[in-house]
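Trainee: I would like to learn how to read strands, pockets, backbone outliers and salt bridges in a model. Could we go through them one at a time?

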Amino acid sequence: MSADEFRAALARLAAGVVLVTAHDPEDGPRGEDVGMTATAFLSVSLDPPLVMASVRNGSRMDDLLAEQPLWAVSVLAESQRHVAGRFAMKGRISDRLLFEDIAYTRGEASGAPLVGGALAVLECRTEQRVVAGDHTLVIGRVLTAAAPTSEAGPLTYFRGRYRTLA
């Protein structure tokens, strides 16, 4: 099996799209926010409440979450394709600029950005990190969860493109 065959097969698995965020406390409250689009995100356990996000080894998010145990997830709505695309770019500009014109609040438990208009937001504390090939599975205990009332549908990823359920 080639990498292309593997990638093509998994492209047929529809996935929800989230923005994983964390605040780099290196400079205290003035530290930089970091964000990463993810489709490999799932619920692990109800009791205790655990979720898992897969991050590429050596990525900025992987490096930060190795040091910073607090992070957040915003479940993106179908109208937030631009947010997903912005934080998925390779060779992108500084995260500070990426967050500049996105409406968000700062999570009370994590200090991480929570995207306005998201279908749901969760704040987490890392419980375990498992290296799996070229990614690390970050398992986090959910500290807070909110699902604002919304009629919007979810943003999904299927066959290499962002899509909506309609």
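Mentor: Let us begin with burial, keeping in mind that this is a predicted model. A residue counts as buried when its relative accessible area is under 20%, and by that cut-off strand β5 is mostly covered, with six of its seven residues buried.

Trainee: Which strands pair with β5, and in which sense do they run?

Mentor: Pairing is read from the bridges between two strands, of which there must be at least two. Strand β4 (residues 41-45) and strand β5 (residues 50-56) are antiparallel and are joined by four bridges, while β5 also pairs with strand β10 (residues 135-146), again in the antiparallel sense, over seven bridges. To follow the register, look at single partners: Phe41 stands opposite Ala53 in β5, Leu42 has Met52 as its bridge partner in β5, and Arg56 has His135 as its partner in β10.

Trainee: How many residues does the hairpin between β4 and β5 pass through, and what is the peptide bond between Asp47 and Pro48 like?

Mentor: The hairpin joins β4 to β5 through four residues. Most peptide bonds are trans. Here, however, the bond that joins Asp47 and Pro48 is cis, with omega at about 5°, and Pro48 is placed in the loop between β4 and β5.

Trainee: Where in the model is there a residue other than glycine with a positive phi?

Mentor: The general expectation is that most residues other than glycine have a negative phi. Arg159 departs from that pattern, with phi near 50°, and Arg159 lies in the loop between β11 and β12. Arg159 is partly exposed, because its relative accessible area is 47%, which falls between the limits of 20% and 50%.

Trainee: What is the order of the strands in the sheet that holds β11 and β12, and which strands are at its edges?

Mentor: To read a sheet, trace which strand pairs with which. This one is an open sheet of three strands in the order β1-β11-β12, with antiparallel pairing; β1 (15-16) and β12 (161-163) are the edge strands, each pairing on one side only. Strand β11 (residues 156-158) is joined to β12 by three bridges, and Thr156 stands opposite Arg163 in β12.

Trainee: What is the volume of the largest pocket, and which residues lie nearest its centre?

Mentor: For a pocket, one reads the volume and then the lining. The largest pocket has a volume of about 1,400 Å³, and of the 34 residues that line it, Thr37, Thr39, Ala40, His135 and Tyr157 lie nearest its centre. The elements that give two or more residues to this lining are α1, β3 (33-38), β5, α2 (60-67), α3 (81-88) and β11. Two of the elements we have already discussed, β5 and β11, are therefore part of that list.

Trainee: Which residues make the nonpolar surface patch?

Mentor: Met1, Phe6 and Leu10 make a nonpolar surface patch of about 380 Å². Leu10 is placed in helix α1 (residues 3-10), and with a relative accessibility of 46% Leu10 counts as partly exposed.

Trainee: How many salt bridges are there, and what does the pair of Arg86 and Asp101 tie together?

Mentor: The criterion is a side-chain nitrogen of Lys or Arg within 4 Å of a carboxyl oxygen of Asp or Glu, and by this rule the count comes to seven salt bridges. In one of them, Arg86 pairs with Asp101, the closest N and O atoms being 2.5 Å apart. Arg86 lies in helix α3 and Asp101 in the loop between α4 (95-99) and β7 (104-106), so the pair ties together parts that are 15 residues apart in sequence. Asp101 is exposed, with a relative accessible area of 59%.

Trainee: Which residues are linked in a network of salt bridges?

Mentor: A network is read by finding a residue that takes part in two pairs. Arg125, Glu127 and Arg141 are linked in this way: Glu127 meets Arg125 at 3.4 Å, N to O, and Glu127 also meets Arg141 at 3.1 Å. The latter pair links distant parts of the chain, with Arg141 in strand β10 and Glu127 in strand β9 (residues 120-132), 14 residues apart. Each member is partly exposed, with relative accessible areas of 33% for Arg125, 39% for Glu127 and 27% for Arg141.

Key: Residues are numbered from 1 along each chain as its sequence is written. This is a predicted model: local features need pLDDT of at least 70, side-chain atom pairs count only at pLDDT 80 or more; totals for chains, interfaces and linings use all residues. Side-chain values use heavy atoms; hydrogens and water are left out. Patches are made of residues with over 30% relative accessible area and no salt bridge: like charges are joined within 9 Å, nonpolar side chains (Val, Leu, Ile, Met, Phe, Trp, Tyr) within 5 Å. Accessible areas come from the Shrake-Rupley method with a 1.4 Å probe; for residues, only the protein chains shown count as cover. Buried means under 20% relative accessible area, exposed over 50%, partly exposed in between (1.4 Å probe, protein chains only). On a 1 Å grid over the protein atoms alone, a cavity is a set of points where a 1.4 Å probe fits but cannot get out, and a pocket is an open set with protein on both sides within 12 Å along at least five of seven lines; lining residues have an atom within 4 Å of a point. Grid points are joined across faces, edges and corners, and a volume is the space filled by probe spheres set on the points.
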